[in-house]
Amino acid sequence: MSILDALTADELTELGRTVAGVPNARIDAVRVEVVDYPIGTPSTEGLYRVFGTADGVAWSCFVKQLQSARHWAHIAMVPDGFREEFIQNLPWELEIAVHRSGMAKLLPDGMRLPKLYRVDLYDDDRGTLWMENVIPEPGPWPISRFERAAYLLGRLSARRQPHLVEPLLPRGTVTTPGIALRYYTGGRVLMSAVPALANPETWKHPLLAEAVSNLGDHKLRDDLLALSARLPAVLDALDALPQCYQHGDASPQNLLVPQGSPDEFVVIDWGFDCPQAVGFDLGQLLVGLAHAGELSPDALPAVHKVILKAFLSGLAEEGMQVTEEQVLYGYLGSLCARATFTALPLEEITKPTDPITAALFEQRVQLTRALVDLVSPVV
């Protein structure tokens, strides 16, 4: 069924006229395009772009279908004893709440939300957002863009300290510092990734064994396991740091740079709606493009230095008094727990060997080593 089937003819006409900015226009030539992007979260059901004309004026919008995790196609992968808790702890309505909150006014100059044209909510814990179709600026991110993003994220974090704002979706333990990262670490990392990394058979798989051999990194497994033993202490230390509500998933993929406006960020896909250690957002900013294969792991140390300094400047601009050591630990401790143990694509082990997959494994081994070397001296 097309996503357009959810709209009446009058609703589709109103949408097209609103997006195009042409009142009383005739809407025609409407078509839907599936967005070719890997969906990584259970709360996203589908991504689409809708194109049409309004009296000859072209218009388009981006459509995001949201769902409760109970509708997720892979929910059976979650053990029975944890399934209901998993469903309740994944706030599928978070992005809707962002648009309905005062976030648009809270964002510092240089950041904005995408224009929202329409929200549809359904009785079965599903919803649809009809938003601005942002055309991104082409090409890789220059180092200056990482710097500007980190500065603005610092300003945003300082504005969202727990004594200044409320969670976007007040519920249960959401105000407990670090609760979302603890939940993620206790499940995805300690129950899944670390046992797989500890299993010697994992490292015998041809793809992974070849990548490790090619790079000569035969200590990677031991270093990962030694680092994993420190995770409980890392989480405790993070909870003791100054806390902020932050974006939660501030990878470059979620900080869209509109074509023709290279100094602006359209902020999407918010996550982790609870207080986290100051600096939390820097982890995804650093690793997002590298995880997607769009930034060499060799570039991470240079990006790291730039974004740490810029984030501190953003905090100071808003008057938040913290030390560099506190931000560094909040940033790298969160990065350690969230990304270091899941960078290897172990789910790819069940797929046939081919040149692309082999290259992916080698790149991810390099990425994992870069993360281990970055976080180990601090945590």
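Here is a stop-by-stop tour of the chain, from the whole fold down to single residues.

**Before you click**

You are looking at a predicted model, where local features need pLDDT of at least 70, side-chain atom pairs count only at pLDDT 80 or more, and totals for chains, interfaces and linings use all residues. Residues are numbered from 1 along each chain as its sequence is written, and side-chain values use heavy atoms, with hydrogens and water left out.

**Stop 1: the whole chain**

Show everything as a cartoon: there are 13 helices and 10 strands. Both are DSSP runs numbered from the N terminus, helices being H or I over at least four residues and strands E over at least two. The radius of gyration is 22 Å, close to the 21 Å from the globule rule for 379 residues, so the chain is as compact as a globular protein of that length. That radius is taken over C-alpha atoms, and the rule is 2.2 Å times the number of residues to the power 0.38. Along the principal axes, the C-alpha atoms fill a box of roughly 65 × 55 × 45 Å.

Switch on a surface and you get about 17500 Å² exposed, with carbon and sulfur atoms supplying 53% of it; the areas come from the Shrake-Rupley method with a 1.4 Å probe. Of the 379 residues, 51% count as buried, meaning under 20% relative accessible area (1.4 Å probe, protein chains only).

**Stop 2: the five-stranded sheet**

Select 27–34 and 116–122. Why is one side of each left without a neighbour in the sheet? These are S1 and S5, and they stand at the edges with a single partner strand each, so one side has no neighbour there. The full order of this open, antiparallel sheet is S1-S2-S3-S6-S5; two strands pair if DSSP finds at least two bridges between them. On average, neighbouring strands are turned by 20° against each other, direction ignored.

Now add 126–132, which is S6; S5 and S6 pair over 6 bridges. Pick out Asp-120 and its bridge partner in S6, Thr-128.

Next, bring in helix H1 (residues 9–20), which packs on the sheet and touches S1, S2, S3, S5 and S6. Contact here means heavy atoms within 4.5 Å. The direction of H1 makes about 120° with that of S3; axes are lines fitted to C-alpha atoms, for helices over the stretch in contact, and angles run from 0 to 180 degrees between N-to-C directions.

Before leaving, click Asp-55 in the loop between S2 and S3. Asp-55 has a positive phi of about 50° although it is not a glycine. Most residues other than glycine have a negative phi.

**Stop 3: the small mixed sheet**

Move to the 3 strands in the order S4-S9-S8, an open sheet with mixed pairing. S4 (111–112) and S8 (255–256) are its edges. S4 runs parallel to S9 (residues 265–267), with 2 bridges, and Met-111 has Phe-265 as its bridge partner. Helix H5 (residues 143–159) lies across S4, S8 and S9, at about 50° to S9.

Follow the chain into the loop between S9 and S10 to find Phe-272. Its phi is also positive, near 50°, and Phe-272 counts as buried at 18% relative accessibility.

**Stop 4: the cysteines**

How many disulfides are there? The count is 0, where a disulfide is a pair of cysteine sulfur atoms within 2.5 Å. For Cys-244, the nearest cysteine sulfur is that of Cys-274, 12 Å away. Finish on Cys-336: its sulfur is 18 Å from that of Cys-274, too far for a bond. Cys-244 is buried at 0% relative accessible area, and Cys-336 is buried at 0% too.

Technical notes
Buried means under 20% relative accessible area, exposed over 50%, partly exposed in between (1.4 Å probe, protein chains only).
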